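Student: Got a minute to walk me through this one? I'd like to go over the cysteines, a helix and a sheet.

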Amino acid sequence: MALVALVGSIALMFPLIFRASTWACLFCFTTHEERLRLCQMFVGTEGPKLGQCKDSLTAAFEGLSDVEINYDERGHLHDAFTQMTLALQEVAAAQGSFKAAFPSAAAKMKKTIQQLKKAQDCIPPCGVQEVTRRFYCWGCFSTVCDLPLDCPGEVAAQARQGRGGACVGPPESPFLSSPVQDVTVKRGDQALFSCIVGFQLPESELTYSWKFAGGGVRTQDVSYFRDVPGAHGYLARIRPVQPTHRGTFSCVILHDQRPLARLYFFLNVTGPPPPGETELQVTFREVMHWTPREAEMIEPWRPSLSELLARPQALTLGNLFLLAATAALVSATVTVLVWVFFRWYLSGP
């Protein structure tokens with residue numbers, strides 16, 4: 001019995017739900033107070049005609065029950081409903097009939113909606129594509145493409161000759177099934193990754209985050225990745241490639257810190273470096289990173305007498321002769337100075 005009552009209650013709710021959905025556009029962009037005030041201006045604040053006015057307003061907008069619009073056009077549609085409400089208030093002030101005014105207003109609103117910019121279609125296979133976001137009047141909500149965040153390896157690696165390496169660039173071939181794009185580069189060459197997707201990205205507040213899972217790991221597990229310092233744009237370059245670079249690189253495209261897409265590249269390093277090329281590249285890199293240092297002053301050693309005598313080999317025959325000569329010269333100098341002083345002193349008046 002309880003089950004029958006529950007089913008009956010649900011059956012009674014269906015007309016109410018259907019009725020609400022038939023005027024959802026009006027419900028999304030006007031308030032209950034605005035609609036009530038509008039009918040009160042037409043028929044007064046009380047009486048049976050007030051209910052008739054509300055029903056007529058509901059019926060007039062039944063044709064807009066399944067409307068969906070570009071999410072960015074919500075402001076324009078809200079302004080259009082505001083202008084419509086003001087126009088209907090002017091009709092009510094002029095003692096016009098709501099039975100004629102409501103269908104006319106709904107027809108004009110339908111034309112306005114048809115002129116709004118359409119939302120773009122979803123572009124598979126991945127990504128949060130904000131340009132495809134739609135607003136649904138029947139529920140007053142919006143949705144975006146239900147696609148995975150991780151993008152498969154849809155761009156092919158192009159091998160370069162000579163001093164080049166491998167480059168991952170814009171889509172040039174059908175989507176591949178592997179979620180991680182393989183990139184093979186010879187040791188000492190260059191690897192260039194480009195974080196590009198096949199759908200339109202926002203023009204502002206767009207950032208790129210590059211991460212690396214080393215040790216030759218091929219993975220999509222974010223716990224293995226570490227930030228790559230110095231890589232902030234949509235391009236990331238490794239030059240020259242070394243065996244330590246073997247692993248998975250990940251690029252995350254963010255809009256206002258919200259991830260839009262994530263791409264993976266597995267870098268496989270093969271072969272020895274070309275003869276003499278790696279040495280030249282290393283030398284060039286060292287020159288580019290060289291900075292001049294302050295010149296160091298190299299002063300000669302001038303030991304004191306105590307330091308000289310403390311040395312084990314200091315008291316050689318030559319050093320002893322030099323010390324004796326120095327002592328004799330100092331003694332003679334002192335004697336001459338004393339003799340000159342006394343002569344000057346005794347010769348005075």
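Tutor: Sure. A term to begin with: a disulfide here is a pair of cysteine sulfur atoms within 2.5 Å. Also, this is a predicted model, where local features need pLDDT of at least 70 and side-chain atom pairs count only at pLDDT 80 or more, while totals for chains, interfaces and linings use all residues. Residues are numbered from 1 along each chain as its sequence is written, and side-chain values use heavy atoms, with hydrogens and water left out.

Student: OK, how many disulfides does the structure hold?

Tutor: Six. If you number the bonded cysteines in sequence order, the pairing reads 1-7, 2-8, 3-4, 5-9, 6-10, 11-12.

Student: Which way does the link of Cys122 and Cys145 turn, left-handed or right-handed?

Tutor: Left-handed, with -100° about the S-S bond. The S to S distance for Cys122 and Cys145 is 1.6 Å. Cys122 lies in the loop between H6 and S2 and Cys145 in the loop between S3 and strand S4 (157-159), so the pair ties together parts that are 23 residues apart in sequence. Helices (H or I, at least four residues) and strands (E, at least two) are DSSP runs, numbered from the N terminus.

Student: Are Cys122 and Cys145 buried or partly exposed?

Tutor: One of each. Cys122 is partly exposed, with a relative accessible area of 37%, and Cys145 counts as buried at 8%. The cut-offs are under 20% relative accessible area for buried, over 50% for exposed and in between for partly exposed, with a 1.4 Å probe and protein chains only.

Student: And what about Cys25, which residue is it joined to?

Tutor: Cys137, with S to S at 2.1 Å. Cys25 sits in helix H2 (residues 24-29) and Cys137 in the loop between strand S2 (134-136) and strand S3 (141-143), so this disulfide ties together parts that are 112 residues apart in sequence. The torsion about the S-S bond of Cys25 and Cys137 is about 75°, so that disulfide is right-handed. Both Cys25 and Cys137 are buried.

Student: Where do Cys39 and Cys53 lie?

Tutor: A disulfide joins Cys39 to Cys53, S to S 2.2 Å. Cys39 is in helix H3 and Cys53 in helix H4, so the pair ties together parts that are 14 residues apart in sequence. The torsion about their S-S bond is about -85°, so the disulfide is left-handed. Cys39 counts as buried at 1% relative accessibility, and Cys53 is buried at 0%.

Student: Switching to helices. What's the length of H6?

Tutor: Helix H6 (residues 98-114) has 17 residues and reaches 24 Å from its first C-alpha to its last, close to the 24 Å expected at 1.5 Å a residue. That expected span is 1.5 Å times one less than the number of residues.

Student: Which residues of H6 are buried?

Tutor: Phe98, Ala101, Phe102, Ala105, Ala106, Met109 and Ile113. They cover an arc of only 130° around the axis, which puts them on the same side of H6; the arc is that of the directions from the helix axis to the C-beta atoms. On the other side of H6, Lys99, Ala100, Lys108, Lys111 and Gln114 are exposed.

Student: What do the buried residues of H6 pack against?

Tutor: Helix H3 (32-43), helix H4 (48-60), strand S1 (68-70) and helix H5 (74-93). Contact means heavy atoms within 4.5 Å.

Student: Now the sheet. What's the strand order?

Tutor: It's an open sheet of five strands, S6-S12-S11-S8-S9, with mixed pairing. Strand S6 (181-186) and strand S9 (226-227) are the edge strands, each pairing on one side only. Two strands pair if DSSP finds at least two bridges between them.

Student: How many bridges link S11 and S12?

Tutor: Nine, between strand S11 (residues 247-255) and strand S12 (residues 258-270), in the antiparallel sense. Among the partners, Gly247 bridges to Leu267 in S12, and Ile253 stands opposite Ala261 in S12. S11 and S12 form a hairpin with two residues between them, and Asp256 in the turn has a positive phi of about 55°.

Student: And what's on S11's link to S8?

Tutor: Eight bridges join strand S8 (residues 206-213) to S11, again antiparallel. Ser209 stands opposite Val252 in S11.

Student: Why is S11 largely enclosed?

Tutor: Eight of the nine residues of S11 are buried, so the rest of the structure largely encloses that strand.
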